[in-house]
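Hi,

Here's the structure I promised to pass on. Have a look at it first, and then read my notes underneath.

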Amino acid sequence: MPYEVRGVIARGEGREVSVENVLVPDPGPGEAVVAVQACGVCHTDLHYREGGISDDFPFLLGHEAAGVVEAVGEGVTGIEPGDFVILNWRAVCGQCRACLRGRPWYCFATHNATQKMTLEDGTELSPALGIGAFLGHTLVAAGQCTKVSPEAPAAVAGLLGCGVMAGLGAALNTGAVTRGDSVAVIGCGGVGDAAVLGAQLAGASTIIAIDVDDRKLAWARDFGATHTVNSRENDPVDAVRDLTGGFGADVVIDAVGRPETYRQAFYARDLAGTVVLVGVPTPEMKLELPLLDVFGRGGALKSSWYGDCLPSRDFPMLIDLYLQGRLPLDKFVTETIGLDDVEESFAKMGRGEVLRSVVVL
Ligand SMILES: NC(=O)c1ccc[n+]([C@@H]2O[C@H](COP(=O)([O-])OP(=O)(O)OC[C@H]3O[C@@H](n4cnc5c(N)ncnc54)[C@H](O)[C@@H]3O)[C@@H](O)[C@H]2O)c1
Ligand SMILES: [Zn+2]
Ligand SMILES: [Zn+2]
């Protein structure tokens, strides 16, 4: 018997989302149905709604989720009904060239459910990031479920499923921040503040938070920023250099993903430093840089997909740190909301009022 649940649908570019009935099939081979308990609103959901990711409408939004496994299909091992899981968008295949070289965090052939969730009239839905979790039950590939301690509240745990993991991993994995480093983070939303937190966890001694909104900068301080710069009022490149002995930061993380912020990141870094792009640009954006500067400044220009995380390695570890009181993940949850409030949460995100609105089901 398929499940009939309400889900948040984006039907066209720039159109407000609607809550509609969705049919979720029973899990087939290698699949699982998860009763979603909480799902955070990520800026990437808004990118989907605006047509910035693809034009595969209608989208089923939501992808930062945790819940309880309801049913598993044939051949599923490793999870069973009743398990508390975080959903991930990197269910590694084990077979692709990245996996075979021992770099599963790059997996180029990640698994999603084979069957489709549909609207009542049979229209197939495109689930955001292969998840789609603003709905009561969702269908995923079993490998998209990572079992973690059920002691963690779902609203907190789910955030590791995307933005918070991406930010933490941008600092810890992609940027390889280490003790004594100087780090600057441009854009202090959920992703950027997680990068600030990751830099602190890694032992960075100077952590400069940059945003255009003073409220965001105050929150960034709360996550461990040692300095803040409002880049509407001060040139962020000059400010980072001033705060780092005139040189620039060892690692600069762009958690906005626009040509102007990337350029700031590029020039705010020390010689041989690292730029990490974790914010997601849209298709029309173009970047122009003097090639001589790319060469002459050296170092590494990296992108961070999902914080180069490996869910099976990182989610349980980060939840353990949270439960030990060493990772204040609950500070990311600004508010909990219902399915009908997702559109309003995009507006709040735009006004800078929230780090994360989390839908609780
Ligand atoms: N790489 C990944 O795997 C991954 C995962 C999740 C999200 N993302 C992306 O990360 C980005 C941030 O996501 P979020 O959920 O934190 O968004 P958000 O809207 O919560 O935060 C964005 C922040 O950037 C600030 N900002 C906007 N323009 C700025 C500018 N010009 N200079 C400085 N700050 C500026 C805003 O004030 C806000 O605080 C988005 O592009 C999102 O799609 C990437
Ligand atoms: Zn693979
Ligand atoms: Zn996301």
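Below is what I found, taken one region at a time. Keep in mind that this is a predicted model.

Let's start with the inside. The largest nonpolar core has 121 residues. Those with the most contacts inside it are V183, V185, A195, V196 and I253. Where does this core lie? Domain 1 (3-161 + 328-360) and domain 2 (167-304) both give residues to it, so the core lies between them. If you want one residue to click on, try I253: leaving out residues up to four places away in sequence, I253 touches A170, A171, G175, V183, V185, I186, A195, V276 and V278.

Next, the ligand. Ligand 1 is surrounded by 33 residues, and the closest are H43, A166, G187, G189 and V191. Each of the two domains, domain 1 (3-161 + 328-360) and domain 2 (167-304), contributes at least three residues to this shell. Going by elements, at least two shell residues come from each of α1 (43-49), α4 (163-174), α5 (190-202) and β12 (206-211). The mix in the shell around ligand 1 is 15 nonpolar, 14 polar and four charged residues.

Last, a look at C93, which sits in the loop between β6 (84-87) and α2 (97-100). Is C93 buried, exposed or partly exposed? It counts as partly exposed because 17 other C-beta atoms lie within 10 Å, and being buried takes 20 or more. Apart from neighbours within four places in sequence, C93 is in contact with C99, C107, A109, T110 and H111. C93 and G82 are eleven residues apart in sequence, and their C-alpha atoms are 24 Å apart in space.

Cheers

Note on methods
Residues numbered from 1 in each chain as written. Chains lettered and ligands numbered in written order. Predicted model: local features only at pLDDT ≥ 70, side-chain atom pairs only at ≥ 80, totals over all residues. Core = buried A, V, L, I, M, F, W, Y, C linked by C-beta atoms within 7 Å. Buried ≥ 20, exposed ≤ 12 C-beta atoms within 10 Å, placed from the backbone. Domains from an automatic or database assignment. Contact = placed C-beta atoms within 7 Å. Near = placed C-beta within 6 Å. Helix = DSSP H or I, 4+ residues; strand = E, 2+ residues; numbered from the N terminus. Nonpolar A, V, L, I, M, F, W, Y, C, P; charged D, E, K, R; others polar.
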